[in-house]
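Please look through the model shown here with an eye to its packing and to the confidence attached to each part. The paragraphs that follow begin with one residue and widen from there.

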Amino acid sequence: METLTGVVRRGKAQVELDPETVGRIIGGLAGGAVGARIGREIGRFFVRVSSAGCEEVQSAVVEIEEKPAQEEPARVEQLTTREVAALQRGRSVRELVDILSGKSFNISWEASANYHTDWNPATPADTAIVKSIINPNGNNIDWTNPGSWPYFRPRPGVLKLNGRLIAVGIHLYPHDIVMSENPGPPLSNQQGRRITAAEARSWGLGATWEGKWYLGGHMCMYYGDSPSGRGEITTGFAKRMNDAARDAYSRGL
Ligand SMILES: [Zn+2]
């Protein structure tokens, strides 16, 4: 509760407050009044007459009822790769929300101004959440079979970064190198390794899997204008990942 001095004028009375709002009419008092309680709501004031009998010009004490400002919920933002990289330096643990499942988990994350982000689930418990997203019915799955994981299938997500919500496109296929020291299994380091024809056969994956990334390593995150490992932004896989980031922005949380 805050007390300020105001002026109530006769007739169509006005209430003015010092010092910030001098001259600004913040409420009307029908019939004049010597006192008014002024409640503050978001973006506007309202006035209640507490007593009547006003002189032509008379000082009055008005009280401002401070209501706690309602915090606006954070909105999902579409930032450029460069803008994201400017927000945070270095690798840290951040929360990632998978929009389609509504599930969230922690990741080891770092941004680059001129590249997309390669990330790992922060702990084995976070990898377990990733698996529950891939396998929502809890079926008995052989996680060592690359075909058990969605191969580079883009999906919308939201990265939580210093109170901001950033639209991202992610996939949940671990490949290539591990980006943190504490990845959950089976994200072992398989740098540069590709699936051989014999391996594809042994896993029952078919010939189309030959030459695809071996299981292990990191997953990717794009921001809407992020280049792939080959510098591509608008073609093929990079385009679909960037489109997923825009999808995340339009869906929101
Ligand atoms: Zn990547």
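In this predicted model, Val168 touches Gly157, Val158, Leu159, Met221, Tyr222, Tyr223, Ala245 and Ala248, leaving aside residues up to four places away in sequence. Val168 is also among the residues with the most contacts inside the largest nonpolar core, a group that further includes Val158, Ile166, Ala167, Tyr222, Ala245 and Ala248. That core has 34 residues, and the elements giving two or more residues to it are strand 8 (92-98), strand 9 (103-109), strand 11 (155-161), strand 12 (164-170), strand 13 (219-222) and helix 4 (236-251). Of these, helix 4 gives the most, with six residues.

A second site to consider is Gly184, which lies in the loop between strand 12 and helix 3 (197-202). Gly184 counts as partly exposed because it has 19 C-beta neighbours inside 10 Å, whereas a buried residue would need 20 or more. Beyond four places in sequence, Gly184 touches Pro121, Thr123, Pro124, Asp126, Thr127 and Ala128, and its C-alpha atom is separated by 7.0 Å from that of Ala122, although the two residues are 62 apart along the chain.

How far the coordinates can be read depends on confidence, and the mean pLDDT of the protein chain is 80, with 72% of its residues reaching 70 or more. Among the elements, strand 11 has the highest mean pLDDT (98) and strand 5 (residues 44-51) the lowest (38). The pLDDT stays under 50 over residues 1-25, for which the model has 59 contacts beyond four places in sequence, and it is also below 50 over residues 29-65, a stretch with 90 contacts beyond near neighbours in sequence. Where pLDDT is low, predicted coordinates should not be read in detail.

Key: Residues are numbered from 1 along each chain as its sequence is written. This is a predicted model: local features need pLDDT of at least 70, side-chain atom pairs count only at pLDDT 80 or more; totals for chains, interfaces and linings use all residues. A nonpolar core is a set of buried Ala, Val, Leu, Ile, Met, Phe, Trp, Tyr and Cys residues joined through C-beta atoms within 7 Å. A residue is buried if 20 or more other C-beta atoms lie within 10 Å of its own, exposed if 12 or fewer, and partly exposed in between; C-beta atoms are placed from the backbone. Helices (H or I, at least four residues) and strands (E, at least two) are DSSP runs, numbered from the N terminus. pLDDT is the predictor's confidence in each residue, from 0 to 100.
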